[in-house]
2 protein chains.
Amino acid sequence: MAARQEVKLFGTPNSPYSRRVEIALNLKGVDYEFVAENLSNKSPELLEYNPVHKMIPVLLHNGKPVVESAVIIEYIDETWSSGSSILPADPLGKANARFWAKFIDDKAMPVIRSIRRFQGEEQVRVIGEAVELLKLLESELKGKKFFGGETIGLVDITANFIALWIGVYEEIMGIRVITKEKLPVLCQWIDDYLNSSIVKKSLPSRDQLYEYLDLQIKKRR
Amino acid sequence: MAARQEVKLFGTPNSPYSRRVEIALNLKGVDYEFVAENLSNKSPELLEYNPVHKMIPVLLHNGKPVVESAVIIEYIDETWSSGSSILPADPLGKANARFWAKFIDDKAMPVIRSIRRFQGEEQVRVIGEAVELLKLLESELKGKKFFGGETIGLVDITANFIALWIGVYEEIMGIRVITKEKLPVLCQWIDDYLNSSIVKKSLPSRDQLYEYLDLQIKKRR
């Protein structure tokens, strides 16, 4: 056993990016201290550790900051060999996982997040676009339980927004994006993922998230 | 020596993303076949190997496609141990390199690429914004020859747009973004980088790039 390590996560409880890091740490069985940031009054520590983006999440490991959720997850996988591997061992498997994680961040999430800015026919069109992107992602599950195979990997962690956040937005806004008819495999994945014990203990409760997002949407109106 | 491998790069000669992959392959001393794509009439191979984005660059290695320049560069580093390492060996060094590579792609390049859409005072403002981002990047060089230290690494490769493309745009458009007064360390890096033998053989000539970008800009007017 290594000497006691300092592991601190600067995040917010309702951010999918911050929660990704919690899933990764919990998959590895790493003890950490969660430091809840107030994004309208950021702590001097956050600004010191992430002077470029001034954003959460930041992982502080023995005094050294690591920034950006995608970067932090790979750091965690490379630093702690305990628990299951988050990325495959072979270069091609790694490349594939990184490709789909990037697809979620750069392609799918911007479209999904934009849905709430539209109304009526325009909204229907954007939802259709989001579903097409999610179908591409779904094709990657092809017969596997998780994107990572039998265990939760990089793409599963990155997709936490799809598993929990979208459903809460659907409820608040009275829309449907992910349905069993259109995305049956993804729906099964959401069930398996949210029922996995590590994910369950790493995500906010649906009620907590509903309360938070509902307030955010009302503030913007 | 391993058996003869099939390594094909589907790219275009004037794309910084495609050229990144060429630098990485040349750093590792990997022989490859360059397949020049016509982006207004993409080959069936490109569409087959990259059905999601339908974009270059695609690396084909023994029949398996790897997509997205950032993903391809890491794949090359993990697959070929010949030549110099593109990423540091330690997790913290890796995280730092990935952070700055992401910074170039997600923060700096979008602002720099937007300059040509502005005129007059607005353009001056956007150039100022670009310089501030490049100053942040410059701070990462602090006393090192390359971002990778003594050798060219992930961030240097990712920054090829900054080393060559920006200067050509400046000439065509009659503007100045990178000056010795504002960015002296970055200017020195550009000199060292463009004079490195591997980079020299991996990038288009300035004249070729000028001719290409000049035509592109005239077409858009």
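Student: What feature does UniProt place at residues 5-84 of chain A?

Tutor: The UniProt record, an unreviewed entry, gives "domain: GST N-terminal" for residues 5-84 of chain A. The model discussed here is predicted. In this model the span 5-84 of chain A is 38% helix and 21% strand, and its end C-alpha atoms lie 20 Å apart.

Student: Which residues of chain A carry the annotation "domain: GST C-terminal", and what is their make-up in helix and strand?

Tutor: The unreviewed UniProt entry assigns that annotation to residues 90-213 of chain A. That stretch is 72% helix and 0% strand, with 39 Å between its end C-alpha atoms.

Student: Why is A:T12 called buried?

Tutor: A residue counts as buried under 20% relative accessible area. A:T12 has 12% relative accessibility, and it is therefore classed as buried. A:T12 belongs to the loop between β1 (7-11) and α1 of chain A. Beyond its neighbours within four places in sequence, A:T12 is in contact with A:S18, A:F34, A:E37, A:L39 and A:I56.

Student: What makes α1(A) and α4(A) oblique to each other?

Tutor: The axes of α1 (residues 16-28) and α4 (residues 91-114) of chain A cross at roughly 135° and come within 14 Å. Angles over 145 degrees count as roughly antiparallel, and 65 to 115 as roughly perpendicular. The angle of roughly 135° falls in neither range, so the pair α1(A) and α4(A) is oblique. The residues that meet are A:P16, A:Y17 and A:R20 from α1(A) and A:D105, A:M109 and A:R113 from α4(A).

Student: How do you know that α1(B) and α4(B) are oblique?

Tutor: In chain B, α1(B) and α4 (residues 91-114) pack at about 135°, with 14 Å between their axes. By the limits already applied, α1(B) and α4(B) are therefore oblique. Their contact involves B:P16, B:Y17 and B:R20 on α1(B), together with B:D105, B:M109 and B:R113 on α4(B).

Student: Why are α1(B) and α7(B) also described as oblique?

Tutor: The axes of α1 (residues 16-27) and α7 (residues 160-173) of chain B come within 10 Å and cross at roughly 130°. That angle again lies outside the limits for the other classes, and the two helices are therefore oblique to each other. The contact joins B:P16, B:R19, B:R20 and B:I23 of α1(B) to B:N160, B:F161 and B:W165 of α7(B). The crossing is right-handed.

Student: What makes B:F161 count as buried?

Tutor: Its relative accessibility is 1%, set against a cut-off of under 20%; B:F161 is therefore buried. B:F161 lies in α7 of chain B. Apart from neighbours within four places in sequence, its contacts are B:P16, B:M109, B:I112, B:R113, B:I166 and B:Y169.

Student: Why is B:N50 called buried, and where does it lie?

Tutor: Its relative accessible area is 2%, while the class requires under 20%, so B:N50 is buried. B:N50 is located in the loop between α2 (44-49) and β3 (58-61) of chain B.

Student: How do you know that the side chain of B:N50 makes polar contacts, and which residues take part?

Tutor: A pair of N or O atoms must lie within 3.5 Å. The side chain of B:N50 reaches the backbone nitrogen of B:H53 at 3.1 Å, and one of its polar atoms is 2.8 Å from the backbone oxygen of B:M55. Both distances therefore meet the cut-off. Neighbours within four places in sequence aside, B:N50 is in contact with B:M55, B:V58 and B:V67.

Methods
Residues numbered from 1 in each chain as written. Chains lettered and ligands numbered in written order. Predicted model: local features only at pLDDT ≥ 70, side-chain atom pairs only at ≥ 80, totals over all residues. Heavy atoms only, no water. Helix = DSSP H or I, 4+ residues; strand = E, 2+ residues; numbered from the N terminus. Buried < 20%, exposed > 50% of the residue type's maximum accessible area, 1.4 Å probe, protein only. Polar contact = N/O pair within 3.5 Å; in protein donor to acceptor, adjacent residues only side chain to side chain. Contact = heavy atoms within 4.5 Å. UniProt positions renumbered as here; feature names shortened; annotations may be inferred. Axes fitted to C-alpha atoms, helices over the stretch in contact; angles between N-to-C directions. Parallel < 35°, antiparallel > 145°, perpendicular 65-115°, else oblique. Left-handed = near helix turned anticlockwise from the far one by under 90°.
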